[in-house]
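Student: I am new to this structure, and I would like to go through it with you step by step. Could we start with a single residue and then work outwards?

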Amino acid sequence: MLTVSVLSLSAGSSAEIAIGIGISVRIGPPALPVYAQPICPGPGYLWTPGYWAWSDVNGYYWVPGTWVIAPVGMLWTPGYWGFAGGFYGWHAGYWGPHVGFYGGINYGFGYGGVGFAGGEWRGGAFFYNRAVMNVNVTNVRNVYTRTVVVNNTHMAFNGPGGIEARPTPQEEAYGREQHTAALGAQTEHEHAASQNRQLFASENHGRPAIAATVRPGEFSGRNVAKASAAGEPYREPKMSPQEARGRSADNRAGNRGFNEPARNGGNSNSSSSSSSNDRSMTRPENNGAGSRGQTSSRDNPKPNSKPSKQEKQAQKKAAKQAKAEQKRQAREDR
């Protein structure tokens, strides 16, 4: 069993962020893109919304929303980015009997920021709310219709400059329930997304060509939904992914795929409270709309003396290219 860690963060505590939630960076994610939900492929599938994940080599990349076969009786609480102590930290998603706090982020399709309005378990069968779920009654008969108020906020992080939501007592209680980690199909889906250049924010500028898929890992064909628009105008980051990761403690965390929570037995809600209130040292810089600012000099970490595996590979590649260029130039000089 896996649960999201409890964090009590003060300004500048980047090492605690990295240990507690796996990934922390100095630049925020782009706004969530606008896209349509592919039709549900059949009974028992639950929607897991798309989100921005992080690569130490390429920065933010989009993980398309997709339908997955859910564990019976379980619901998905999406992961979210929270700003605290000068860094954006990733709080991993999880499966549990109820939907807990996910930063107040409006992921759409039933995930409006609080709870889940897309459907419910009745015994061993899942019933879909057709008001927000794209379900064809010819292959899915367990349906109902319940009106849902939809807001148009596309902010992708919790904290100053983003969604400043705090968990309710009920969400805190749900966060203390036993949870299970992302399914294998989900982690493989995220890994495949990290290898697809079309999904890099630096390439798609917040409007990915593969915004959602019918099934995990299916990134081509008629079952792929393209983003119709970026959630907000894209802003190019002012620093490289390596610079954004900063301290060695952060780099050691690496990109773990779903950024595995590093401790069991807690919940994600304490950290979100911190992200809403901790404004003392920095102002957030993010790639979408919202506040942009500079990190305080007291928060500027020392350069990392131990490069990550990805950095080493990039350095080797650059060295080979430089050597080849020198040889080419020498031939031309002759």
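Tutor: Yes, and please keep in mind throughout that this is a predicted model.

Student: Is Trp 62 buried or exposed?
Tutor: The cut-off needed here is that a residue counts as buried when its relative accessible area is under 20%. Trp 62 has a relative accessibility of 0%, so this residue counts as buried.

Student: Which element holds Trp 62, and which residue, 138 residues apart from Trp 62 along the chain, has its C-alpha atom 6.4 Å away?
Tutor: Trp 62 lies in strand 5. Although 138 residues separate the two along the chain, the distance between the C-alpha atoms is 6.4 Å, and the partner in question is Phe 200.

Student: Which residues of the largest nonpolar core touch the most other members?
Tutor: This core has 63 residues, and strand 5 (59-63) is among the elements that give two or more residues to it, as are strand 3, strand 6 and strand 8 (80-84). Those that touch the most other members are Trp 47, Trp 52, Trp 54, Tyr 60, Trp 81, Tyr 107 and Tyr 128.

Student: Trp 47 is in that list, so which residue is the bridge partner of Trp 47 in strand 6?
Tutor: In strand 3 (residues 45-48), Tyr 45 and Trp 47 point one way while Leu 46 and Thr 48 point the other way, and all of them are buried. Strand 3 pairs with strand 6 (residues 65-69) in the antiparallel sense over 4 bridges. Within strand 6, the bridge partner of Trp 47 is Trp 67.

Student: How many residues of strand 8 are buried?
Tutor: In a regular strand the side chains alternate between the two faces of the sheet, so each face can be taken in turn. On one side of strand 8 are Tyr 80, Gly 82 and Ala 84, on the other are Trp 81 and Phe 83, and both faces are covered. The number of buried residues in strand 8 is therefore 5 of 5.

Student: In what order do the strands of the sheet that contains strand 8 stand?
Tutor: Strand 8 is joined to strand 9 by 5 bridges in an antiparallel arrangement, and strand 8 pairs with strand 14 in the parallel sense over 2 bridges. Strand 1 pairs with strand 9 (residues 87-91) in the antiparallel sense, over 2 bridges. Together the 4 strands form an open sheet with mixed pairing, in the order 1-9-8-14.

Student: Why is one side of strand 1 and of strand 14 left without a neighbour in the sheet?
Tutor: Strand 1 (24-25) and strand 14 (157-158) stand at the edges of this sheet, so one side of each is left without a neighbour because each has a single partner strand.

Student: Which residue takes a positive phi in the hairpin of strand 8 and strand 9?
Tutor: Ala 84 of strand 8 stands opposite Phe 87 in strand 9, and the hairpin has 2 residues between the strands. The residue there with a positive phi near 60 degrees is Gly 85.

Student: How many charged residues are in the lining of the largest pocket?
Tutor: The largest pocket has a volume of about 420 Å³. Of the 25 residues that line this pocket, the closest to its centre are Asn 106, Tyr 107, Gly 108, Phe 109 and Val 150. The lining divides into 16 nonpolar and 9 polar residues, and the number of charged ones is no residue at all, that is, no charged.

Student: Where is Phe 109 placed, and what is its phi near?
Tutor: Phe 109 sits in the loop between strand 10 (94-96) and strand 11. Its phi is positive, in a residue other than glycine, and is near 55 degrees.

Student: Which exposed residues does helix 3 carry on the face turned away from its buried side?
Tutor: The buried residues of helix 3 (residues 184-194) are Gln 186, His 189, Glu 190, Ala 193 and Ser 194. Seen down the helix axis, these fall within an arc of 140 degrees, so they line one face of helix 3. The face turned away from that buried side carries the exposed residues Glu 188 and His 191.

Technical notes. Residues numbered from 1 in each chain as written. Predicted model: local features only at pLDDT ≥ 70, side-chain atom pairs only at ≥ 80, totals over all residues. Heavy atoms only, no water. Pairing = 2+ DSSP bridges. Buried < 20%, exposed > 50% of the residue type's maximum accessible area, 1.4 Å probe, protein only. 1 Å grid on protein atoms, 1.4 Å probe; cavity = no way out; pocket = protein on both sides within 12 Å on 5 of 7 lines; lining within 4 Å. Points joined across faces, edges and corners; volume = space filled by probe spheres on them. Nonpolar A, V, L, I, M, F, W, Y, C, P; charged D, E, K, R; others polar. Arc of directions from axis to C-beta. Core = buried A, V, L, I, M, F, W, Y, C linked by side-chain atoms within 4.5 Å.
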